[in-house]
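Here are my notes for our chat. Have the viewer open while you read, and check each point as you go.

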Amino acid sequence: MDKATVLGTASAFPTKLRNHPSIYLNLGGAKVLFDCGEGTQRQIRSAGLSPSVDFIFVTHWHGDHSLGVGGIIQSLNMMKNEGPLTVMGPSGTNASVKHILDTYKFYKRLPIKIRSIDAKKELLVKEINGHNIYAINVKHAVKCLGYKVKENDVRNIRKDLLEKLGVKPGPQLKFLKAGKDIVVGGKKLKASQFTYIKKGRSLVYLTDLVYEKNIYKFAKDADVLIIESTFSSNMQNQAKEFMHLTVKDALTIAKQSCAGRVYLTHLSQRYENSGEIRKEAADLAKSMGLKAEVAVPDDLSEIII
Ligand SMILES: [Zn+2]
Ligand SMILES: [Zn+2]
């Protein structure tokens, strides 16, 4: 997991500069979307990414997060993609995807796997090429999930030390990489000495939700937290009414979770460009003593993980 591409940063209404939400990740060759709003396919093309999507993790079935699912199914069918396409989302996802399949006249060659998830507590929902995907129910106007991608820790060989000893690469090194001590040319090589653990990175995606005091635990120590902040902090009433976060709510969760970097997204159409939210976030982060780096990404920007 090296980068996430932010395909859309709007909320309910797409604007000239902002598309509906979607985040694109390549997990060891698997193309993964978190949310798939209207226009996601064009954003994938604009970003120069592969359109052969393998997984769509839908947070919830409000249109801004899911109107693009039918479009992806249509294109994968026309591309004769062998699939399967896996679509996961909150309770009711099976019915929602079946409605899409019944409504549109697809070629229906593409195998599709569908899974509805109810995650009252953090739940491991999928493993993809050395990455674990977790989900948790969050509180919104409809059933909604937050997601986390956690890359597995990897044990790497200290090649520099082996070279010094004159040990050449060979098949026995795979045991060392697996954490086992080996003997080469009469020399015992301890895994503890000749390998190191590279900690896996983690990314958390939280949208749409109201503030709850325990939700930060799901994002604990995330390297990257992508979180909605639909409204400015002076619009707390609207945020409550529509069950969204303000900038202050989002930064509070960021601070509580000790996330490394925070990306605010899902902005209301009233913020024509992100300048106002960016300034507010920077001022608030300072006054809150937030250590994390805070950014408001534009559409098609890449987040290095
Ligand atoms: Zn939304
Ligand atoms: Zn929503």
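1. Let's start with a spot to look up: where is Asn 19 found? Asn 19 sits in the loop between β1 (3–8) and β2 (22–27). Keep in mind throughout that this is a predicted model.

2. Now, is Asn 19 buried or exposed? Being in a loop doesn't settle that, so look at the number: Asn 19 has 14% relative accessibility and counts as buried, because the cut-off for buried is under 20% relative accessible area.

3. Which residues does Asn 19 touch? Leaving out residues up to four places away in sequence, the list includes Leu 7, Gly 8, Thr 9, Ala 10 and Pro 14. Glu 38, Gly 39, Thr 40 and Gln 43 are also among its contacts, and so is Asp 299. Try showing these side chains together with Asn 19 on your screen.

4. While you're there, find Arg 270 too. Arg 270 is 251 residues away from Asn 19 along the chain, and the C-alpha atoms of the two are separated by 14 Å.

5. Zooming out to the whole chain, you should find ten helices and 18 strands. Taken along the principal axes, the C-alpha atoms fill a box of roughly 70 × 55 × 35 Å.

6. How does the radius of gyration of the chain fit a compact globule? For 305 residues such a globule would have a value near 19 Å, and the chain has 22 Å, which agrees.

7. On packing, 50% of the 305 residues count as buried. Take the contacts between residues at least 6 apart in sequence: 63% of them join residues at least 24 apart.

8. The outside is worth a word as well. The accessible surface of the chain is about 14,900 Å², and 51% of that belongs to carbon and sulfur atoms. As for charge, there are 46 positive and 30 negative charges, and their mean positions lie 7 Å apart.

9. How many disulfides does the count come to? The answer is zero. Cys 36 is in no disulfide, and its nearest cysteine sulfur, that of Cys 144, is 15 Å away. A disulfide needs the two sulfur atoms within 2.5 Å, so a pair at 15 Å does not count.

10. Finally, compare how covered these two cysteines are. Cys 36 is buried, with a relative accessible area of 0%. Cys 144 is buried as well, with a relative accessible area of 2%.

Terms used:
Residues are numbered from 1 along each chain as its sequence is written. Chains are lettered from A and ligands numbered from 1 in the order in which they are written. This is a predicted model: local features need pLDDT of at least 70, side-chain atom pairs count only at pLDDT 80 or more; totals for chains, interfaces and linings use all residues. Side-chain values use heavy atoms; hydrogens and water are left out. Helices (H or I, at least four residues) and strands (E, at least two) are DSSP runs, numbered from the N terminus. The radius of gyration is taken over C-alpha atoms; the globule rule is 2.2 Å times the number of residues to the power 0.38. Buried means under 20% relative accessible area, exposed over 50%, partly exposed in between (1.4 Å probe, protein chains only). Contact means heavy atoms within 4.5 Å. Accessible areas come from the Shrake-Rupley method with a 1.4 Å probe; for residues, only the protein chains shown count as cover. Lys and Arg count as positive and Asp and Glu as negative; His and the chain ends are not counted. The place of a charge is taken as NZ of Lys, CZ of Arg, CG of Asp or CD of Glu.
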